[in-house]
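Subject: Structure handover

Hello,

Here is the structure I promised to pass on. Please open it alongside this message.

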Amino acid sequence: MLGDLSRLRNFVWPHEDDPKERLLLDPIPQEEMNQIMLRPMMKAGPGYWLTVALLALVVAFALFGYWFYMIRWGMGVAGIRRPVGWGVFIATFVFWIGISHSGTFVSAILRVFNAEYRRPITRAAELMTSFSLLAGAIFPILHLGRPWTVYFMLPIPNQRLLWDNFQSPLSWDLLAITTYLLSSTIYVYLPMIPDLAMARDRTVGWRHVLYKLTSLGWRGLEYEWHYLHKTINIFAFAIIPIMFSVHTIVSWDFAMAKQIGWRSSIFGPYFVVGAIFSGVSAVIAVLLVVRKTMNLQYFLRREHFEALAKLVLIFSLTWAYFFFNDYLIEWYGGEWVGHQLLTLQARGPIAPLWYGMIFFNIVVPWATLWSKKVRQSPTALFFIALGIQVGMYLERFIIIPGFLQRQRLPFDWGEYNPQPVEISVAIGTLALFCLLYVLASRVIPLIPVWEVLEGQLSHSRRRIGKTVVTSIAELE
């Protein structure tokens, strides 16, 4: 037996002055650490299967049921009417692409800057990238109206001599999603190999066969570690510009148009900052759920959530700067309809959404996350993170169907009312994201145990005079 693990199952955050508050300064035997990760993966109680069944039911009914209904009766069952040609579908698409930036930022950028607190949280964030991209990739296909014509978006020869239009935002989105999905999938898989090999050596049955195939014969030899570290570093540097380019391309879907409210050169960095803002806050919410449901309190501690909360506060400030900066374009442009657009948000039919966005994205983070007590409260952080997701979705909704309601000529003004088909499909993609994550939690080790162990081996405490300091050694 591995000894009494009750202290880990009932783990609470130590006193802040205790050096063992930090995960990398609180080592335990390696085998004990492996079992902490494997134990919840091997157990799937009635509550787990009930959650899977409910999520699968929502996906089948809300996503596929309403989608097939729309295919049968046409796009007219949606609320899309002139002048609003893009509605909930595209707003939800932009939202999911924003969430996908969580993995790249938390893993790649923090790895490049050697942020040690990243070690236990990277994989959970990287999986969010892949799953949110899969959820978001549905909407360009769905928005076609006739999804069986999606192959026209692919640059392949055909007997009708039809080629995709590279001036179309659909082609831009296809290239962006495909590139990001392939690169992020490889990036999440590479650091997973040592943990898959660890699970292979401690499981039997179908799990053993699965882990044996996916671990690629990993044995933990010195040259294998050398090549693994080298490959991960290469991908970390390569995927960062891909992350920025993907959401910049999504912003071009709007900024390249002459639509009032979209014609802004600041949309690129504005969308990237908003994506990181929503992505990091989503990481906090998901990690808190994982920590609670899988008893991973040993790995996920106060220091990790406090560091992520500080990032959320920083990006809230940055997002607010770009948000109000974007308004200056229309304000100083002097065009009458631009002023009407600003008035529409503050006093028009979308005013409640606009004030809700300001409240969740600016007021709440600024009023709470400066406090250390709030940053160290799991309950407070969870609801703040969820509120930011609501605020960022409202922002995407206001930018897309909200801005389209006012054109230059009043005869082309209109209102947009989302229909049950659109709302249900959006809810279905949320259920799909949760379902994929719930299923992956019982197959994939969500904590990179080898990275945590490597960090613990490189960290130590030593006394210099009357002061005890933490030293970090370079591991070769």
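Below are my notes on the fold, two helix packings and a few single residues.

Overall picture

This is a predicted model. The protein chain has 18 helices and two strands. It runs to 476 residues, of which 55% count as buried. Take the contacts between residues at least 6 apart in sequence: 80% of them join residues at least 24 apart.

Helix α4 against α11

Two numbers are given for each packing below. Two packed helices are described by the angle between their axes and the distance between the axes.

Start with α4, residues 88–99, and α11, residues 267–293. Their axes come within 7 Å and cross at roughly 70°. An angle of 65 to 115 degrees counts as roughly perpendicular, so α4 is roughly perpendicular to α11. The crossing is right-handed. On the α4 side, the contact uses V94, G98 and I99. On the α11 side, it uses F271, A275, S278, G279 and A282. By class, that gives five nonpolar residues, three polar and no charged.

Helix α4 against α17

Helix α4 also packs with α17, residues 420–440. Here the axes come within 9 Å and cross at roughly 20°. Angles under 35 degrees count as roughly parallel, and α4 and α17 are therefore roughly parallel to each other. This crossing, too, is right-handed. From α4, the residues involved are V88, F89, T92 and W96. They meet E422, V425, A426, T429, L430 and F433 in α17. The contact divides into seven nonpolar residues, two polar and one charged.

Two buried residues

Is T122 buried or exposed? T122 counts as buried, because its relative accessibility is 1% and the cut-off for buried is under 20%. This residue is found in helix α6. Leaving aside neighbours within four places in sequence, T122 is in contact with V106, S107, P448 and E451.

R375 is found in helix α15, which covers residues 372–375. R375 has a relative accessible area of 10%, so it is buried as well. Which backbone oxygen lies 3.2 Å from a polar atom of the R375 side chain? That oxygen belongs to W370. W370 also appears in the contact list of R375, again leaving aside neighbours within four places in sequence. The rest of that list is F305, E306, A309, K310, L369 and L381.

Two loop residues with positive phi

N114 has phi near 55°, a positive value in a residue other than glycine. N114 sits in the loop between α5 (101–112) and α6 (122–143). Its relative accessibility is 56%, so N114 counts as exposed; the cut-off is over 50%.

L216 also has a positive phi without being glycine, with a value near 60°. Where is L216 placed? L216 is in the loop between α9 (206–214) and α10 (222–255). L216 is exposed too, because its relative accessible area is 58%.

To recap the helix packings: α4 is roughly perpendicular to α11, and roughly parallel to α17.

Best wishes

Key. Residues are numbered from 1 along each chain as its sequence is written. Side-chain values use heavy atoms; hydrogens and water are left out. Helices (H or I, at least four residues) and strands (E, at least two) are DSSP runs, numbered from the N terminus. Buried means under 20% relative accessible area, exposed over 50%, partly exposed in between (1.4 Å probe, protein chains only). Contact means heavy atoms within 4.5 Å. Axes are lines fitted to C-alpha atoms, for helices over the stretch in contact, and angles run from 0 to 180 degrees between N-to-C directions. Angles under 35 degrees count as roughly parallel, over 145 as roughly antiparallel, 65 to 115 as roughly perpendicular and the rest as oblique. A crossing is left-handed if the near helix is turned anticlockwise from the far one by less than a right angle, and right-handed if clockwise. Ala, Val, Leu, Ile, Met, Phe, Trp, Tyr, Cys and Pro count as nonpolar, Asp, Glu, Lys and Arg as charged, and the others, Gly among them, as polar. A polar contact is a pair of N or O atoms within 3.5 Å; within protein, one must be able to donate a hydrogen and the other to accept it, and residues adjacent in sequence count only if both atoms are side-chain atoms.
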